[in-house]
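I opened a fresh notebook page for this one and kept a short entry for each thing I looked up. Come along and follow the entries with the structure beside you.

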Amino acid sequence: MNSINPKPLSGWQADLKLGFELRGEKTVLAERQHVGPLTVQRPFYPEGGVCHVYLIHPPGGVVGGDQLSISASTATGSHALITTPAAGKFYRSGGETASQSVSLTVASDATLEWLPQETIVYQGALFNSNMHIDLAENARFIGWEVL
């Protein structure tokens, strides 16, 4: 249950918060908090000091009633890339709306790449998806959302 809707929530409720910072010549995942089935795999470094992470949602797709919230921030001078190992999927709903909210904050002289695989929306899916990007002066961002 929540304060806005006294009816019990159905579906997956998941929240992920990531924070990246520069340490020496390498960006590290300095903060990782999650609730529910939304997390990232261990960071890897195919480009040297750029921190790459895979966003993982083990249920494999989003259905009516699911609520996913993702936030990520980069500290000054850091460089991170967030992606997914497979396409995101929004499945047919039995009447409830699913939601996904992404909030990205990029500090001055930092770079964030948001490059998930494509999103597949199945017939009958009901969902709200929103993204907020906050860029400081001299911040760099590249991203896409492919449906």
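**Entry: the lining of the largest pocket**

I sorted the residues lining the largest pocket by class and got 12 nonpolar, 8 polar and 3 charged ones. I noted beside this that the model is a predicted one. The lining is made of 23 residues. Nearest the centre of the pocket I found H57, T84, A87, G88 and K89. The volume of this largest pocket came out at about 410 Å³.

Which elements give two or more residues to the lining of the largest pocket? I found strand 4, strand 5 and strand 7, the last covering residues 88–90. Strand 7 supplies the largest share, with 3 residues.

I also jotted down a reminder on how such searches work. Rolling a probe the size of a water molecule over the atoms shows where empty space is left.

**Entry: salt bridges**

How many salt bridges does a search of the whole structure find? I wrote down 2.

One of them joins E31 and K17, whose closest N and O atoms are 3.7 Å apart. E31 belongs to strand 2 (residues 26–35) and K17 to strand 1 (residues 13–23), so this pair ties together parts that are 14 residues apart in sequence. I checked the exposure of both partners. E31 is partly exposed at 25% relative accessibility, and K17 is partly exposed at 37%.

I then turned to E21 and R23, whose side chains meet in a salt bridge at 3.0 Å, N to O. Here too I looked up accessibility. E21 has a relative accessible area of 30% and is partly exposed; R23 stands at 49% and counts as partly exposed.

**Entry: a nonpolar patch**

Next I looked for nonpolar side chains on the surface. I found a patch formed by V63, Y91, I120 and Y122, with about 290 Å² of accessible area together. I picked V63 for a further look. V63 sits in the loop between strand 4 (51–56) and strand 5 (67–74). Its relative accessibility is 34%, so V63 counts as partly exposed.

**Entry: positive phi values**

Which residues other than glycine did I find with a positive phi? D109 is one of them, with phi near 60°. N138 went on my list as well, since it is not a glycine and its phi is about 70°.

I looked up where each one sits. D109 is in the loop between strand 8 (98–106) and strand 9 (111–114). N138 is in the loop between strand 11 (127–135) and strand 12 (140–143). For exposure, I noted D109 as partly exposed with a relative accessible area of 39%, and N138 as partly exposed with 48%.

**Entry: distances along the chain and in space**

For this entry I set separation in sequence beside separation in space.

I began with Q13, which is placed in strand 1. How far is Q13 from Q67 in space, C-alpha to C-alpha? I read 5.0 Å, while the two are 54 residues apart in sequence. Q13 is partly exposed, at 27% relative accessibility.

V28 came next, and I located it in strand 2. Between V28 and P43 I noted 15 residues in sequence and 7.8 Å in space, C-alpha to C-alpha. Is V28 buried or exposed? Its relative accessible area is 17%, and buried means under 20%, so V28 is buried.

Then I took A75, in the loop between strand 5 and strand 6 (79–83). A75 is 30 residues from T105 in sequence, and their C-alpha atoms are 8.8 Å apart. With a relative accessible area of 30%, A75 is partly exposed.

I ended with F127, which I found in strand 11. F127 and G60 are 67 residues apart along the chain, and 16 Å separates their C-alpha atoms. F127 is partly exposed, with a relative accessible area of 27%.

Note on methods: Residues numbered from 1 in each chain as written. Predicted model: local features only at pLDDT ≥ 70, side-chain atom pairs only at ≥ 80, totals over all residues. Heavy atoms only, no water. Salt bridge = Lys/Arg side-chain N within 4 Å of Asp/Glu carboxyl O. Helix = DSSP H or I, 4+ residues; strand = E, 2+ residues; numbered from the N terminus. Buried < 20%, exposed > 50% of the residue type's maximum accessible area, 1.4 Å probe, protein only. Patch = residues over 30% accessible without salt bridge, like charges linked within 9 Å, V, L, I, M, F, W, Y side chains within 5 Å. Areas by Shrake-Rupley, 256 points an atom, 1.4 Å probe, with all protein chains shown as cover. 1 Å grid on protein atoms, 1.4 Å probe; cavity = no way out; pocket = protein on both sides within 12 Å on 5 of 7 lines; lining within 4 Å. Points joined across faces, edges and corners; volume = space filled by probe spheres on them. Nonpolar A, V, L, I, M, F, W, Y, C, P; charged D, E, K, R; others polar.
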